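Visitor: I would like a close look at one part of this model, namely its disulfides. Could you walk me through them once the structure is up?

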Amino acid sequence: MDKLNNLLSIETCLILFVLHFFSLSKASFSDSITTIPFNRGFCPLFGEANVKHSTDDSSVHLHLNEFTGSGFQSSDLYNHGFFSAKIKLPSSYTAGIVVAFYTTNGDMFRKTHDELDFEFLGNIRGQPWRFQTNMYGNGSTNRGREERYTLWFDPSKEFHRYSILWTANHIIFYIDDVPIREIVRNYEMGGDFPSKPMALYATIWDASDWATSGGKYKANYKYAPFVAEFTDLALHGCPMDPLQEVINPSCMDSETQLETASYGTITSKQRMAMKKYRLKYMYYSYCHDTLRYSTPLPECDIDPLEKMRFKDTGRLKFGMRHHRHRHAKMRNSATRVLENRNYGNQDNV
């Protein structure tokens with residue numbers, strides 16, 4: 001009995017530790033972000049009949065049915081910025097569905113475009129949403145920089161904030177207040193680092209040919225419409241004409257504001273949270289994909305201990321994935337206690 005009590009005490013401590021780690025998101029910069037109504041900063045991109053505003057214009061729903069998906073975009077392009085929204089993803093069977101939240105200038109620079117992505121990949125019933133982040137600069141589509149992850153929550157149950165910070169020197173992807181990825185610009189990256197003004201986009205669409213297990217599972221419109229909800233939209237940056245050759249002096253002030261804002265730097269506590277997130281939830285990294293890149297891309301800082309967790313394909317070794325599932329079970333137990341574009345070869349997790 002004493003041994004059982006000791007085991008229960010250890011499990012309780014682990015549960016509390018996990019919950020403490022993810023409590024970072026409850027009282028930090030997300031609550032202080034200035035948001036704007038949809039009609040003040042955005043316009044429909046496609047499928048206009050499937051872009052549905054709330055009566056106060058504070059939120060928008062993107063629908064996907066058997067006829068079309070939908071999307072919206074910011075009215076302006078920005079010379080760097082902080083782009084953010086609270087998002088709730090479709091529930092139930094979502095295989096073949098992609099919800100994207102991203103910045104790009106592809107409509108204007110078709111062969112030399114820049115891009116920063118959150119792409120959420122649907123799944124069969126009972127399996128979790130997965131997502132990937134990516135970066136392209138100056139049309140470097142042959143050098144994809146994908147990382148793929150799962151989440152510590154069900155993104156279809158409630159809203160969570162997803163944010164992209166992009167400055168002249170670094171990029172940070174956030175979920176709530178947890179930074180999940182940082183890219184620091186260096187000389188060797190050259191034009192691969194995004195450098196031209198970009199607009200913000202959000203879309204939902206049918207990607208049955210690749211999104212779930214490499215196209216094995218298709219979108220099933222018996223469950224339509226699929227609805228992605230966006231609210232508390234934020235655009236912080238300097239609007240700019242992409243053909244303007246001289247940067248507006250006011251944009252220099254905007255750059256300083258971005259870098260000195262609460263989301264502009266990663267605190268030591270946040271850096272620890274980012275490391276723990278990536279250890280537990282990242283299941284693919286291009287930096288460890290030696291079959292794809294025999295020499296790691298210049299921004300990759302390879303940790304030898306981390307590298308041991310991944311195969312040559314950049315995917316987690318089986319044993320490591322099993323280890324992560326044990327942590328997932330522990331997190332589920334904690335909840336009960338307290339509440340009681342190389343896109344092929346996508347793994348189910």
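To begin with, which residue does a disulfide join to Cys-238?

Guide: Happy to take you there, and please keep in mind that this is a predicted model. The partner of Cys-238 is Cys-251, and the S to S distance of this disulfide is 1.9 Å. Going around the S-S bond gives -70 degrees, a left-handed link between Cys-238 and Cys-251. The two ends sit in distant parts of the chain, 13 residues apart: Cys-238 belongs to strand 14 (residues 226-239), while Cys-251 belongs to helix 3 (residues 249-260). As for exposure, the relative accessible area of Cys-238 is 6%, and because buried means under 20%, Cys-238 is buried. Cys-251 also counts as buried, at 2% relative accessibility.

This bridge has company, since searching the whole structure turns up two disulfides. The other one is formed by Cys-287 and Cys-300, whose sulfur atoms are 2.0 Å apart. Its S-S torsion is about -80 degrees, so the disulfide of Cys-287 and Cys-300 is left-handed. Here Cys-287 lies in strand 15 (residues 282-289) and Cys-300 in the loop between strand 15 and helix 5 (304-307), so the pair ties together parts that are 13 residues apart in sequence. Cys-287 is buried, with 14% relative accessible area, and Cys-300 counts as buried at 14% relative accessibility. If you number the bonded cysteines of the chain in sequence order, the pairing reads 1-2, 3-4.

Strand 15, the home of Cys-287, also leads us to the sheet. Strand 15 is one of the nine strands of an open sheet, ordered 1-4-13-6-7-8-9-15-16 with antiparallel pairing. Strand 1 (42-46) and strand 16 (313-315) stand at the edges with a single partner strand each, so one side of each has no neighbour in the sheet. On average, neighbouring strands here are turned by 20 degrees against each other, with direction ignored.

For a look inside the sheet, try strand 6 (residues 97-104) and strand 13 (residues 199-206), which pair in the antiparallel sense over eight bridges. Within this pairing, Ala-100 stands opposite Thr-203 of strand 13.

One more cysteine makes a good last stop: Cys-43 counts as partly exposed, at 29% relative accessibility. Cys-238, by contrast, is buried.

Definitions and conventions
Residues are numbered from 1 along each chain as its sequence is written. This is a predicted model: local features need pLDDT of at least 70, side-chain atom pairs count only at pLDDT 80 or more; totals for chains, interfaces and linings use all residues. Side-chain values use heavy atoms; hydrogens and water are left out. Two strands pair if DSSP finds at least two bridges between them. Helices (H or I, at least four residues) and strands (E, at least two) are DSSP runs, numbered from the N terminus. Axes are lines fitted to C-alpha atoms, for helices over the stretch in contact, and angles run from 0 to 180 degrees between N-to-C directions. A disulfide is a pair of cysteine sulfur atoms within 2.5 Å. Buried means under 20% relative accessible area, exposed over 50%, partly exposed in between (1.4 Å probe, protein chains only).
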